[in-house]
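Got the model open in your viewer? Grab the selection tool and let's take a walk through it.

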Amino acid sequence: MPTVSQIPFVEYLVLDDGPAHLVANECASCGARFFDRRNACARCFATEFDRVSIPTEGELRTFTIVAFAAPGVEVPFVAGVIDCGGTSVRSNIINTDPTPDNIHTGMSVRLATYSIGVDADGVEAIGFGFEPAG
Amino acid sequence: MSASDEIFILGINMTKFGKHPDKDVVDLAADAVQAALADGGVTMADMGILAAGNLMGGGGFGQSLQKQVGQTGIPVYNVANACATGATALRTVIMAIKAGECDMGLAVGVEKLSGAGLLSGGNRKADSDTWTPTGRFGAVAPVDGRLGTETMPGVFAQIGMEYGHRYGGVDFELFARISEKNHSHSTLNPLAAYTKAMSLEQIMGDLMIAYPNTRPMCSANCDGGAAAVLVSGSKLKTLSLEQQRRAVKVSASVLTTDPYEEACQVLPDVNTLTRNAARQAYEAAGVGPEDLDLVELHDCFATAELVHYDNLMLCEEGGAADFFNSGATWRTGSTPVNVSGGLQSKGHPISATGIANVWEVCHHLRGEAGDRQIEGAKVGLAHVIGLGSACGIHVLEKSAA
């Protein structure tokens, strides 16, 4: 059970409303979904949004295994795009070996959380990735 | 001056791409500009507009250039559209001529990128002491490496792998073979930064940057510049027969950005905007992909070249792998792609590329490409794409003169 000393890595990861899941801003006019703070819908220009939950299971549409990244970024890691019931999510594939033999497009994955670290105030940041759903 | 319908390239030049430690960006731009002006038999006095691109430098690049090559008080547009900057400079000059504001103009793009390393989001900042949500995602720490990747090789690797997910027939070896083709082509191009053939085994065994892109499958960071003099058809008729003979017709000049598609804000969609630009370009030029004698497209990574075969409609939808495997895109094939060596071996000084690939096509259309001449070339297409995104396509035709 998440406590007040946890904070999600990004605002669209929800920890305190049932099992961990992602939410998106869904355009109230056309249904387009976005994960960031919006000024308007990029598809239909409307300005009203509803908060919707995204399925936690999905299919890996594409990936890469990053071996070189900016200083401070741990490598190798698997970056990918997951199709969660029709909504595309950008994430890392975690809890599995980051090798080409082990990862393939079309594989089933599910949301998983992990600790990023505890800050000076004792607050734990929780991140998310997707792990093989076997 | 009235609005003009026809646009020609009167003079054009690219510098050798590579390391130029003793030249600054203005030197490289001046080299390209002075050569392009000489190639066209004109001077700065004849230019009615200058569009200049240099992404890595500070502002006012066009003005800095003018102070070295000729200050005549003409309007300067300093342009930027990521890797489509060069095409944007061409587009800007063409628009001014079409609008009747001048009859001749200069487009230039230059970059110093030797030793630049990864073009990504720069250094990832260290996490701060306390978790504080910031930015549009309310992130408590920088997202690069935690939520996917910001690196270009990684982004374009995903773009190529996604094509495979949709259509199949795609693997690491296929992408490496595309790189093998371009490195082979580069051996005939003395202006390329790298002119070494590489075997499939060498390419696949080289340093992995972001699977499946190894180092030789990534565009080469280098220094370089390119410049073009554009002229209206009516002005061209008043010039010498030799100038008219070597002028290359710009049958289409198109710029698009990425329209909304699901997932486009999650992984850049380089497909829709390229297809849209290609459609507009073919329609404006009155040609189809089957009419193209050569194509210089944006192989920022080997994984990118594959998807653009499809986006530019060089093959049927979903058929890019089969198309490549048929040999069609080698210089000996039915649709030679990147006979210059492409960005992977010719190099990619970002702002110069959109003009340099037009130079390559012109070189063949004028019959001046020597050892690497595509015989009888009459129609060519140049394509660049900058992430964000912007796509520039020019269709060029041998002058009837």
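Here is a tour in four stops, going from one chain to the other.

A quick note before you click: this is a predicted model, where local features need pLDDT of at least 70, side-chain atom pairs count only at pLDDT 80 or more, and totals for chains, interfaces and linings use all residues. Residues are numbered from 1 along each chain as its sequence is written, and chains are lettered from A and ligands numbered from 1 in the order in which they are written.

**Stop 1: chain A**

Select chain A and switch to cartoon. You'll find ten strands and zero helices; helices (H or I, at least four residues) and strands (E, at least two) are DSSP runs, numbered from the N terminus. The C-alpha trace spans about 40 × 40 × 30 Å along its principal axes. Of the 134 residues of chain A, 36% count as buried, meaning that 20 or more other C-beta atoms lie within 10 Å of a residue's own (12 or fewer makes it exposed, in between partly exposed, with C-beta atoms placed from the backbone).

**Stop 2: where the chains meet**

Now show both chains. Here 44 residues of chain A are in contact with 41 residues of chain B, where contact means C-beta atoms, placed from the backbone, within 7 Å. On the chain A side, S6 (57–66), S7 (77–84), S8 (87–93) and S10 (124–132) each supply at least two residues. S6(A) provides the largest share, six residues. Colour that side by class and you get 25 nonpolar, ten polar and nine charged residues. For the colouring, Ala, Val, Leu, Ile, Met, Phe, Trp, Tyr, Cys and Pro count as nonpolar, Asp, Glu, Lys and Arg as charged, and the others, Gly among them, as polar.

Stay on S6(A) and add S5 (residues 208–211) of chain B: the strands run antiparallel and are joined by two bridges. Strands pair if DSSP finds at least two bridges between them. Pick Ile65(A), and opposite it in S5(B) stands Tyr211(B).

**Stop 3: the two domains of chain B**

Hide chain A. Colour 7–116 + 222–250 as domain 1 and 152–219 + 252–398 as domain 2 of chain B; such bounds come from an automatic or database domain assignment. Their centres, taken over C-alpha atoms, are 23 Å apart. Between them, 38 residues of domain 1 are in contact with 34 residues of domain 2. Which element gives the most to the domain 1 side? That would be H3(B), with eight residues.

**Stop 4: H13 and its neighbours**

Select H3 (residues 85–98) and H13(B) together: their axes come within 5 Å and cross at roughly 65°. Axes here are lines fitted to C-alpha atoms, for helices over the stretch in contact, with angles running from 0 to 180 degrees between N-to-C directions. Residues making the contact include Ala87(B) and Leu90(B) of H3(B), and Ile355(B) and Val358(B) of H13(B). By class, the contact has eight nonpolar, six polar and no charged residues.

Next, isolate H13(B). Of its 16 residues, 16 are buried, so the helix is largely enclosed by the rest of the structure. After H13(B) comes Gly367(B), with a positive phi near 75°.

Finish on Pro349(B), in the loop between H12 (342–345) and H13 (350–365) of chain B. Is Pro349(B) buried or exposed? Buried, because 36 other C-beta atoms lie within 10 Å. Pro349(B) touches residues including Phe17(B), Val110(B) and Cys222(B). Show Ser219(B) too: 130 residues from Pro349(B) in sequence, yet 9.3 Å in space, C-alpha to C-alpha.

Conventions:
Contact = placed C-beta atoms within 7 Å. Lists of a residue's contacts leave out its neighbours within four places in sequence.
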